[in-house]
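Grab your viewer and a notepad. Here are a few exercises to work through with the model open.

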Amino acid sequence: MRSRLAPAHAQSVTRVAGPFAEEGRVVKFHAPEIVFGVDSTVEAAHAARRLGGSRPLLVTDPGLVEAGWVREVQAHLRGCGLEPTVWSGLTANPKDHEITDGHRVYEQAGCDVLVALGGGSVMDAAKGIAILAGHGGHILDFEGVDRVTGPIPPLVMLPTTAGTGADVSQFCIVTDTTRGTKITILGRALVPDITVIDPRLLTTMPEWLSAATGLDALTHGVEAFVSRAHNPLTDHHALRAVNTVVGTLDASISDPWGVRTRSVMAQASLDAGLAFTNAILGAAHALSHQVGGLLDLPHGVINGVLLPHVIRFNAATDPTPFVTIADGLGLDEAQGPPDEAALAVADAVEELARSVGVPRRLGQLGVQESDIPRLATSALRDACMATNPRPVGLADAEALFRAAL
Ligand SMILES: NC(=O)c1ccc[n+]([C@@H]2O[C@H](COP(=O)([O-])OP(=O)(O)OC[C@H]3O[C@@H](n4cnc5c(N)ncnc54)[C@H](O)[C@@H]3O)[C@@H](O)[C@H]2O)c1
Ligand SMILES: [Fe+2]
C-alpha cells in the first residue's frame, strides 16, 4: 500500500524524508563510491589502480575523442602507472554486436579494469563488456533481473552527460539489433565501483544533448518518486532532482561553459540516478526503450515527449504524489484539488521540454501509427513497467503511444 503524504498545503515537503520505514518494511539503498568536483577526473585513474587494475580498457566514443577528453584521461591513467587500451567503437544506444567487439578488445589486450568515459551509451557498453568478461556468452543472454550472478571486473565511471545516472545505477541498456528493441539488464552486480563526476566534462555537450539528458534526469526523478518501489530514501533524491532540473536546465543550456550551472545539473543527474537505481522507473521508460530501439533516437528526447502523457495516465488513478511534486516546483495548483495539481505538473514538464527544443509528438521523431501495436507489446515486457504506479495493459500502452503520436 502506498504511503504518501497528504497534499503539500497540509504537510511540508520535508516530511518526505521522514521516518524510514513503516513497521515490517525493510528499506534498502545502494550507491557506488562517489567523487564529485571540478577537476576531479584524475581520481578515476587513482581508483582504477586502487581497485587492482594495471591494464584498463578505456571505453569511450568518437564524440569524446573529438572533445579532447580521451587524451586527458589517457594521460591520467599513464601518470598513475597504468597501461590503457582505448576502445571507441560504439554508437549511441549501444548495439549488441558492439558489446561483443568491445569484449574481444578487452580480452586481447589482457585488460583487468574498465574505465568508462562518456554518456549513458558508453557507460552501458562498459557494463556490458564487464558482464561478458565475467561470464562469457552473449550480452542478450543476460536480459532481465539478476541474471548476472558471478563476479565482474571493476567499473570506474566518468560521466560526460547529465544525465542518465548510469554511473550509479544497476541498469545496463543495450539495443537488440535483431528485434529492434532495447533490452534491460538489471541487478546489483552492475552498480559501478566508483563514479568520478567532473562537471567540467559537461561543458562540451552540444545544446541538444544538454536538453535531452536533462529531460532524462527529470524523467528519472519523476518516475522514481511515483514508483511502486519508492521509499523515503529515494523520495528525497527524486524530489531534489526534479526541482533542480526544472530550475536549472534552461540556464545550463544558455551558458554551456558555465561550470557552476553544469555542476548543478551534474548533481541533479546524480540525485535522479540514486533515486531510480533504488526505486526503479515506470511506463515512460518502458515505452521509451521501445522507440529508442526501433529508431535509434536520443533517449532523453523520447522521454521528454512521453513523460507528460504518462504523468496524466498515472495521475488519473492516484494524483497524490504529483501534488508533492507540484508543491516542490512552486506551482499554484499544488494548493488546489490533487488532480489539477497533477495536470499542472504534466503541463510544466511539457513546457520545459518545448522550451529546450524537444518536439511535442512522437510522429515528429518518425514513429508511425503502424508501429504502435508492436511497440506496445514489447513495452509490456520491459523491466521498468513492473514499478509503474498504475498497472499498464496492452490497450493502455497503445493509448499512451497514440496520445503522444
Ligand atoms: N544504464 C542506465 O541506468 C541508463 C539510464 C538512462 C539511459 N541510459 C541509456 O543511455 C543512453 C543515452 O546516453 P546519453 O543520453 O548520455 O548520450 P550518449 O551516451 O548516447 O551520447 C550521445 C552523443 O553525445 C556525445 N557526447 C557525450 N558527452 C559529450 C560531451 N561531454 N561533449 C561532447 N559530446 C558528448 C557522444 O559522443 C554521442 O555522440 C541510451 O542508450 C539510454 O538507453 C542508461
Ligand atoms: Fe533514462
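Below are three tasks, each with a worked solution.

This is a predicted model, where local features need pLDDT of at least 70, side-chain atom pairs count only at pLDDT 80 or more, and totals for chains, interfaces and linings use all residues. Residues are numbered from 1 along each chain as its sequence is written, while chains are lettered from A and ligands numbered from 1 in the order in which they are written.

**Exercise 1.** Work out the strand order of the open sheet and find its edge strands.

*Solution.* Start with the terms: strands are DSSP runs of E with at least two residues, helices are runs of H or I with at least four, numbered from the N terminus. Two strands pair if DSSP finds at least two bridges between them. Step one: the six strands line up as β1-β9-β6-β4-β2-β3, with parallel pairing. Step two: β1 (33-36) and β3 (85-87) each pair on one side only, so they're the edges by the rule of at least two bridges. Step three: zoom in on β1, which four bridges join to β9 (residues 194-197); glutamate 33 has isoleucine 194 as its bridge partner there.

**Exercise 2.** What does UniProt list for residues 211-404, and how much helix is there?

*Solution.* First, the unreviewed entry gives "domain: Fe-containing alcohol dehydrogenase-like C-terminal"; such annotations may be inferred rather than shown by experiment. Next, that stretch is 71% helix and 0% strand.

**Exercise 3.** Sort the shell around ligand 1 by class.

*Solution.* Count first: 32 residues surround ligand 1 (C-beta atom, placed from the backbone, within 6 Å). Among the closest are Gly63 and Ser121. Then sort: 13 are nonpolar, 16 polar (Gly counts here) and three charged (Asp, Glu, Lys or Arg).
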